[in-house]
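Okay, thanks for coming, everyone. I've got one structure to walk you through today, so let's put it up on the screen.

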Amino acid sequence: METKSDIKIDSVVIPGDNISHICGVTNKSNVVLGPGLYTIKDKDDIIVNKCGILRRKKPDIYWVDTHYKRYVPVKGDHVIGIITGKAGDYFKVDIGCSEQASLYFLDFEGATKKNRQHLNVGDAIYALCIIADKDLETQVSCMDANGKQGKMGLLKSDGFLFRCNLNLIRKITNPKCCILNLLGKEINHEIAIGMNGRVWVRSNSIRSTVAIGNSILEAEHLTNDEIKVKCKEILKHFK
């Protein structure tokens, strides 16, 4: 285990490390803890519970960047789920975690008891995780806090859905990563990115859709300069 003086932002941490001295946490602070960190009740200690690299986003958001393939639900995450069944007024949704999530049939913009959203087993949806607690069933919704659906809802069946590493999802959704801007300039397409390691892509042809998927998968271990070269190589056939 590292000593306090050894632990800093962008350094490797392991379960049991105490990073309270980095966060400067107090009872009145507004520190937000992401995956890989938790607090001890009645104390101001912040403890690491996953191996990875400690990250920070200003002003006070901290998390551990890991390469875990198993998704752990986090409230506020956008996820791509697969409908697996229906139980009463709820749909059962596979979001890639240890247990299935539930989706209430009224959690769609404009939905009523008479005007329901029709979903079948196997349909893919883009949803927001609204309840994520280890003691409660995970619940997702296709509306935001204002009751608006936005880009959420049923994903078209002619799109291409694939899985990738959770670390890659965090990388491509980072504003500093250039891949989404590059792809948007070269090929007209729709894309939905789930923080649970799933990506849905739809474009004018199967060929261009597969090219977009390959470009994203290739980006995992590349720098921005290398991504530009790789994307140029893959997408040169679509100009």
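I'll go from the whole chain down to a few single residues.

First thing to keep in mind: this is a predicted model. The chain has 239 residues, and 39% of them are buried. If you draw a box around the C-alpha atoms along the principal axes, you get roughly 55 × 50 × 30 Å. In terms of secondary structure, we have five helices and 15 strands. And here's a number about how the chain folds back on itself: take the contacts with a separation of 6 or more, and 60% of those are between residues 24 or more positions apart.

So how is the chain divided up? There's domain 1, covering 11–65, then domain 2 at 77–154, and domain 3 at 160–237. Between domain 2 and domain 3, the C-alpha centres are 25 Å apart. Eleven residues from domain 2 and nine residues from domain 3 take part in the contact.

Let's start with a sheet. Four strands make an open sheet, and the order is β1-β5-β6-β2, with mixed pairing. At the edges you find β1 (12–13) and β2 (32–33), each of which pairs on one side only. Inside that order, β5, residues 52–57, runs antiparallel to β6, residues 61–65, and five bridges hold that pairing. To pick out one pair, I53 has D65 in β6 as its bridge partner.

Now over to strand β10, residues 124–131. Is this strand mostly covered or mostly open? Mostly covered: six of its eight residues are buried. And which strands does β10 pair with? Let me go through three of them.

One is β7, residues 78–87, antiparallel to β10 with five bridges. There, I80 sits opposite Y126 of β10. Another is β12, residues 153–154, again antiparallel, over two bridges. Y126 shows up here too, standing opposite G153 in β12. And then there's β11, residues 139–141, joined to β10 by three bridges, also antiparallel. In that pairing, C129 is matched with V140 of β11.

Hold on to Y126, please, as we turn to a pocket. The second largest pocket has a volume of about 430 Å³. It is lined by 19 residues, and the ones closest to its centre are Y126, K151, I191, A192 and I193. Two elements give two or more residues to this lining, β12 and β14 (189–194). Which one gives the most? That would be β14, with four residues. What's the lining like by class? Ten residues are nonpolar, five are polar and four are charged. On the domain level, both domain 2 and domain 3 supply at least three residues each to this lining.

Last stop: S102, which you'll find in strand β9, residues 101–104. Why do we call S102 buried? Because its relative accessibility is 3%, and the cut-off for buried is under 20%. As for its surroundings, leaving out residues up to four places away in sequence, S102 touches Y90, F91, E137, T138, Q139 and V140. You've met V140 already, as the partner of C129.

That's the tour, so let's go back to the picture and take questions.

Methods. Residues numbered from 1 in each chain as written. Predicted model: local features only at pLDDT ≥ 70, side-chain atom pairs only at ≥ 80, totals over all residues. Heavy atoms only, no water. Buried < 20%, exposed > 50% of the residue type's maximum accessible area, 1.4 Å probe, protein only. Pairing = 2+ DSSP bridges. 1 Å grid on protein atoms, 1.4 Å probe; cavity = no way out; pocket = protein on both sides within 12 Å on 5 of 7 lines; lining within 4 Å. Points joined across faces, edges and corners; volume = space filled by probe spheres on them. Nonpolar A, V, L, I, M, F, W, Y, C, P; charged D, E, K, R; others polar. Domains from an automatic or database assignment. Contact = heavy atoms within 4.5 Å.
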